[in-house]
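Reader: I am new to this structure. Please show it to me, and let me ask how each term is earned.

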Amino acid sequence: MNLNKSIITLMLCGLSMGAIANTDSLTQEVKIDAARQFADIKNKRVIYYGPVVVTQGTIKIDAQELSASSNIEDGATILVAHGSPATYSQLLENNLRATASADEIQYNISKRIMTLIGNASIEQDGSKVSAEKIIYNIEKQQLVAEGDKQKDDRVITIIKPESFQDQVPAKDVGKLKQEIKSTTSNKPPVSEEQPR
């Protein structure tokens with residue numbers, strides 16, 4: 001069905017995670033492996049029942065149910081994956097894997113916004129953000145994470161130190177170490193001996 005292939009191909013082309021995504025994946029065929037499929041051609045909607053596995057190059061989506069639809073009025077194409085959890089992963093150009101998971105993953109292709117709802121997490125290069133809801137604007141590379149206020153859930157961010165160091169040029173790391181050394185050398189040394 002051309003409708004199925006068009007919607008899913010459009011979805012995956014927009015879903016690459018940021019500027020360093022492996023663009024070779026987007027030129028490869030889309031494969032959808034599902035237990036059952038329903039297509040409403042008149043209303044531009046396709047639903048795959050699972051388990052569902054979508055692959056295109058290094059991009060992979062796993063879900064219990066996956067639906068893709070186009071809004072006739074504004075032309076927006078929206079993908080919704082449900083699972084326990086639904087997962088998205090992609091190998092980036094630097095050979096690191098970026099992953100996202102949640103009970104529900106929504107993707108608005110025209111706005112290039114991925115919304116993760118329920119037990120949401122995004123992980124890349126050992127760093128991770130977990131929250132009840134995460135909204136990621138792929139084009140702007142902006143992320144908003146929210147905890148569940150009713151459950152007093154908080155946003156948890158884990159930053160792998162090497163990730164930060166890889167992003168700071170070596171000359172800047174040297175300056176940073178020198179600044180730390182100079183600010184600590186002005187203070188008297190701390191003695192471990194207790195006064196008598």
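Reader: What makes β8 and strand β9 (residues 142–146) a pair, and in which sense do they run?

Author: Two strands pair if DSSP finds at least two bridges between them. β8 and β9 have five bridges, so they count as a pair, and the sense is antiparallel. One bridge joins Asn-137 to its partner in β9, Gln-142. The two strands form a hairpin with four residues between them. Gln-141 there takes a positive phi near 55°.

Reader: What kind of model is this, and how are residues numbered?

Author: This is a predicted model: local features need pLDDT of at least 70, side-chain atom pairs count only at pLDDT 80 or more, and totals for chains, interfaces and linings use all residues. Residues are numbered from 1 along each chain as its sequence is written, and side-chain values use heavy atoms, with hydrogens and water left out.

Reader: How many helices and strands does the chain have, and what makes a run count as one?

Author: The chain has three helices and ten strands. They are DSSP runs, numbered from the N terminus: helices are H or I with at least four residues, strands are E with at least two. In sequence order, the pattern is α-β-β-β-β-β-β-β-β-β-β-α-α.

Reader: Why is Thr-115 called buried?

Author: Buried means under 20% relative accessible area, exposed over 50%, and partly exposed in between (1.4 Å probe, protein chains only). Thr-115 has 12% relative accessibility, so it counts as buried. Over the chain, 33% of the 196 residues are buried.

Reader: Where does Thr-115 lie, and which residues does it touch?

Author: Thr-115 is in strand β7 (residues 113–124). A contact means heavy atoms within 4.5 Å. Leaving out residues up to four places away in sequence, Thr-115 touches Glu-104, Ile-105, Gln-106, Lys-133, Ile-134 and Ile-135. Ile-135 in β8 also stands opposite Thr-115.

Reader: How do you know that β7 pairs with β6 and with β8?

Author: Count the bridges. β6 and β7 have nine, in the antiparallel sense. β7 and β8 have ten, also antiparallel. Both counts meet the requirement of at least two, so both are pairs. Thr-99 stands opposite Glu-123 in β7, and Ile-122 has Val-129 in β8 as its bridge partner.

Reader: Which turn residues have a positive phi in these two hairpins?

Author: Arg-112, at about 55°, in the turn between β6 and β7, where four residues separate the strands. Asp-125, at about 55°, in the turn between β7 and β8, where two residues do.

Reader: What makes a group of residues a nonpolar core, and which members touch the most others here?

Author: A nonpolar core is a set of buried Ala, Val, Leu, Ile, Met, Phe, Trp, Tyr and Cys residues joined through side-chain atoms within 4.5 Å. The largest one has 27 residues. Leu-66, Tyr-88, Ile-105, Met-114, Leu-116 and Ile-134 touch the most other members. Elements giving two or more residues to this core include β3 (45–56), β4 (59–70) and β5 (77–91).

Reader: Where is confidence lowest, and where is it highest?

Author: pLDDT is the predictor's confidence in each residue, from 0 to 100. The chain's mean is 76, and 68% of its residues reach 70 or more. Helix α1 (residues 2–14) is lowest, at a mean of 46, and strand β2 (residues 36–40) is highest, at 95. Over residues 180–196 the pLDDT is below 50, and this stretch has zero contacts beyond near neighbours in sequence. Where pLDDT is low, the predicted coordinates should not be read in detail.
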